[in-house]
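Grab a pencil and work through these exercises with the structure open beside you. Try each task before you read its solution.

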Amino acid sequence: MEYIDMHSHILPGLDDGSKNMEMTLAMLRVAEQEGIGTIYTTPHCMPGKGHPTLAKVEERIRLVQEAAAAEGIQIILKKGTEYYYIEGKIITLGASNCVLVEFEPYAEEKYIRNAVREILGFGYQPVIAHVERYQNLMERKFAAIQWMREIGALIQVNCASVTGDNGFTTKQNVKSLLKNGLVDFVSTDAHRPEGRAPYIEKCADILWKRYGDIYAAELTGGNARRFLEQH
């Protein structure tokens with residue numbers, strides 16, 4: 001099964017991710033080696049990191065797909081953005097009504113709850129990016145996360161948090177989230193060809209061994225097909 005990565009800063013020159021086409025192609029080669037077949041491109045939409053328009057994102061995808069095809073890379077790219085709440089115009093993930101949304105690491109729980117309600121009220125389905133970064137959600141035994149999922153939000157964690165590369169405490173928090181079935185997607189949040197690269201295979205191995213075939217398959221591609229390719 002090919003993996004789907006629904007959080008990646010792989011488009012060149014739009015944010016703090018890939019700086020140029022050469023770097024993007026290097027990231028795509030890593031992703032291909034890792035078994036990723038589809039990548040949702042999610043450049044930041046936030047102060048200091050850019051506010052790409054839909055037209056610019058789509059044009060950059062076209063250029064990257066052409067360059068990738070010339071290199072024999074078969075990965076499919078789809079549009080999106082990582083939407084910093086209350087900043088900029090929303091670009092949904094692919095043809096779905098889902099939007100990847102992030103907050104400040106120390107955002108208050110009430111603020112995040114209200115944001116989720118507001119985004120749902122606008123007719124979008126929020127996907128909370130790298131939920132493990134939000135300290136106030138981690139300190140409350142995940143009650144807010146459970147509530148957000150119940151009203152329609154989806155939850156994403158980073159692969160590096162599953163593997164422990166983001167620290168022991170983060171790994172333990174994500175382990176508890178997974179154990180309680182509170183995660184919908186694992187994604188690379190890749191920014192470059194090394195370090196924060198599109199690594200997923202190590203994470204996927206852990207998921208299959210610890211959480212079973214069904215849940216692991218949902219986290220690494222099944223839920224993306226279900227929610228992001230619904231139209």
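Let's settle one term before we start: a residue is buried if its relative accessible area is under 20%, exposed if over 50%, and partly exposed in between (1.4 Å probe, protein chains only). This is a predicted model, so local features need pLDDT of at least 70 and side-chain atom pairs count only at pLDDT 80 or more, while totals for chains, interfaces and linings use all residues. Residues are numbered from 1 along each chain as its sequence is written, and side-chain values use heavy atoms, with hydrogens and water left out.

**Exercise 1. Follow the rings around Phe-103.**

Task: Work out which aromatic pairs Phe-103 forms with Tyr-111 and with Tyr-134, and how accessible the partners are.

Solution:

Step 1. Start with the rule: rings of Phe, Tyr and Trp (its six-membered ring) pair if their centres lie within 6.5 Å; planes under 30 degrees apart are stacked, over 60 edge-to-face, and the rest tilted. The structure holds five such aromatic pairs.

Step 2. Take Phe-103 and Tyr-111: their centres are 6.2 Å apart with 85° between the planes, which makes the pair edge-to-face. Phe-103 counts as buried because its relative accessible area is 5%, but Tyr-111 is partly exposed at 37%.

Step 3. Now Phe-103 and Tyr-134: here you get 5.9 Å centre to centre and 80° between the planes, edge-to-face again. This pair links distant parts of the chain, with Phe-103 in the loop between β6 (98–102) and α3 (109–121) and Tyr-134 in the loop between β7 (125–128) and α4 (135–138), 31 residues apart. Those element names come from DSSP runs, numbered from the N terminus: helices (H or I) have at least four residues, strands (E) at least two. Tyr-134 has 0% relative accessibility, so it counts as buried.

Step 4. Put it together: ring pairs link Tyr-85, Phe-103, Tyr-111 and Tyr-134 into a cluster.

**Exercise 2. Look around Thr-188 and its neighbour.**

Task: Is Thr-188 buried or exposed, and what does its side chain make a polar contact with?

Solution:

Step 1. Find Thr-188 in the loop between β9 (185–187) and α8 (201–211). Its relative accessibility is 9%, so Thr-188 is buried.

Step 2. Check the side chain: Thr-188 makes a polar contact with the side chain of Asp-5, at 2.4 Å. (A polar contact is a pair of N or O atoms within 3.5 Å; within protein, one must be able to donate a hydrogen and the other to accept it, and residues adjacent in sequence count only if both atoms are side-chain atoms.)

Step 3. Widen the view to contacts, meaning heavy atoms within 4.5 Å. Leaving out residues up to four places away in sequence, Thr-188 touches several others, including His-7, Ile-36, Cys-159 and Tyr-199.

Step 4. Slide along to Asp-189, which sits in the loop between β9 and α8. Its phi is near 50°, a positive value in a residue other than glycine. Asp-189 counts as buried because its relative accessibility is 2%.

**Exercise 3. Hunt for empty space.**

Task: How many cavities of 30 Å³ or more does a search of the whole structure find, and what lines the largest pocket?

Solution:

Step 1. Get the terms straight. On a 1 Å grid over the protein atoms alone, a cavity is a set of points where a 1.4 Å probe fits but cannot get out; a pocket is an open set with protein on both sides within 12 Å along at least five of seven lines; lining residues have an atom within 4 Å of a point. Grid points are joined across faces, edges and corners, and a volume is the space filled by probe spheres set on the points.

Step 2. The search turns up one cavity of 30 Å³ or more. The largest cavity has a volume of about 40 Å³, and its lining includes Val-162, Lys-171, Ile-206 and Tyr-211. α7 gives the most to that lining, with four residues.

Step 3. The largest pocket has a volume of about 290 Å³. It is lined by 17 residues, and Cys-159, Ala-160, Asp-165, Gly-195 and Ala-197 lie nearest its centre. The elements giving two or more residues to the pocket lining are α6 and α8.
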